[in-house]
Amino acid sequence: MADHKELIKKTRIFVQEQLQHAEAGHDWFHIERVWKTAKHIAAQEAANLLIVELGALLHDIADAKFHNGNEDLGPQMAREFLSGERADESLITAVENIIRHISFKGSYQSGSYKTIELDIVQDADRLDALGAIGIARAFNYGGFKNRKLYDPAIAPATYNTKEQYKNNEAPTINHFYEKLFLLKDKMNTATGKRMAEDRHRFMEFFIAQFYREWNGVHSSEFYIQ
Ligand code: ADP
Ligand code: NI
């Protein structure tokens, strides 16, 4: 097996190649942000850095959403790639498990797999759904799915199953209540939680301003100075 640095480099090249035509919310730059954030969080934790980095780099290699709901393809592709690089079986399994369990959708199936490496990569992935980047990604995703920005007549919903969550066609603003504002209380690590709180506050500010503009409130006193 190649050494840590070499394997990371090869993985980066593989992922960049795979995600060439990905939609902006799930492209290489998403992976790069998650990778950096995961390394930042891992520096505060006793974690296996190679598993964290590979998990971050490979976590969206074949998002089920864009592959007819096939949730095995991502783990499979990661296994094939890592086997080709002669990675240890234990490393391959750990990375596969991160990819399989990282998704918010997966959290509807409770009690499954939990390691500090998954905790870290999951926090890093969730952080990329929050703050300014999170807002940009949400509206980009909504545009990709041809959703409305906002519709006052459609209230946010609670989804109890994975199917309901996947199939909803609600306006993008609803996504803040259905997912994004819930994330700060789901963070795993102390570092992740702190970062999530900052990004959460920024989104609250954004949403408040969104409603002011929607409702024609023109006072300037609320703008960030
Ligand atoms: P996960 O795989 O963890 O469930 P997703 O792949 O669904 O996460 O989400 C990826 C990005 O797309 C996130 O930034 C998320 O906020 C955004 N997104 C997902 N679903 C919606 C939606 N219904 N409306 C707007 N943005 C969405
Ligand atoms: Ni991701």
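# Close-up views of a predicted model

**View 1. Ser83 is a residue of helix α4.** The structure shown is a predicted model. With a relative accessible area of 35%, Ser83 is partly exposed. Its side chain reaches the backbone oxygen of Arg79 at 2.8 Å. Ser219 stands 136 residues away from Ser83 along the chain, and the C-alpha atoms of these two serines are separated by 60 Å.

**View 2. Four residues of the protein donate atoms to the nickel ion (ligand 2).** The donors are His30 and His59, each through NE2, together with Asp60 and Asp125, each through OD. They lie 2.1 to 2.2 Å from the ion. Along the sequence, these donor residues follow the spacing H-x28-H-D-x64-D. His59 belongs to the loop between α3 (49-58) and α4 (73-84), whereas Asp125 belongs to helix α6 (residues 116-127), so this pair ties together parts that are 66 residues apart in sequence. The angles among the four donor atoms run from 84 to 174°, and the site is irregular. A tetrahedral assignment would require all angles to lie between 85 and 135 degrees. Both members of the pair described above are buried: His59 has a relative accessible area of 4%, and Asp125 has one of 17%.

**View 3. Asp128 contacts the nickel donor His30 through its side chain.** The polar contact between the two side chains is 2.7 Å. Asp128 is found in the loop between α6 and α7 (131-144). At a relative accessible area of 4%, Asp128 is buried. Leaving aside residues up to four places away in sequence, Asp128 touches His30, Arg33, Val34, Ile133, Gly134, Arg137 and Arg199.

**View 4. Helix α6 is largely enclosed by the rest of the structure, because 11 of its 12 residues are buried.** Among these buried residues are Leu118, Ile120, Val121 and Leu127, as well as the nickel donor Asp125. The buried residues of α6 pack against four other helices, namely α2 (28-42), α3, α5 (89-101) and α10 (190-214). The length of α6 can also be checked: at 1.5 Å a residue, its 12 residues should span 16 Å, and the end C-alpha atoms are indeed 16 Å apart.

**View 5. Phe176, in helix α9 (residues 172-178), is buried.** Its relative accessible area is 0%. Not counting residues up to four places away in sequence, Phe176 touches Ile135, Ala138, Phe139, Phe181, Met203, Phe206 and Ile207. Pro156 is 20 residues from Phe176 in sequence, and their C-alpha atoms are 8.8 Å apart in space.

**View 6. Phe139, Tyr150, Phe176, Tyr177, Phe181, Phe206, Phe210, Tyr211 and Trp214 form one aromatic cluster.** The count of aromatic pairs in the model comes to 13. One of them joins Phe176 and Phe181, whose ring centres are 6.1 Å apart and whose planes meet at 55°, a tilted arrangement. Phe181 counts as buried, at 15% relative accessibility. The rings of Phe210 and Trp214 have centres 5.8 Å apart and planes at 20°, so this pair is stacked. Phe210 and Trp214 both lie in helix α10, four residues apart, which is about one turn of the helix. Phe210 is buried, with a relative accessible area of 15%, whereas Trp214 is partly exposed, with a relative accessible area of 41%.

Conventions. Residues numbered from 1 in each chain as written. Chains lettered and ligands numbered in written order. Predicted model: local features only at pLDDT ≥ 70, side-chain atom pairs only at ≥ 80, totals over all residues. Heavy atoms only, no water. Donors = N, O, S within 2.8 Å, 3.2 Å for Na, K, Ca; no water. Tetrahedral: all angles 85-135°; square planar, octahedral: opposite > 155°, others 65-115°. Helix = DSSP H or I, 4+ residues; strand = E, 2+ residues; numbered from the N terminus. Buried < 20%, exposed > 50% of the residue type's maximum accessible area, 1.4 Å probe, protein only. Polar contact = N/O pair within 3.5 Å; in protein donor to acceptor, adjacent residues only side chain to side chain. Expected span 1.5 Å × (residues − 1). Contact = heavy atoms within 4.5 Å. Phe/Tyr/Trp six-rings, centres within 6.5 Å; stacked < 30°, edge-to-face > 60°.
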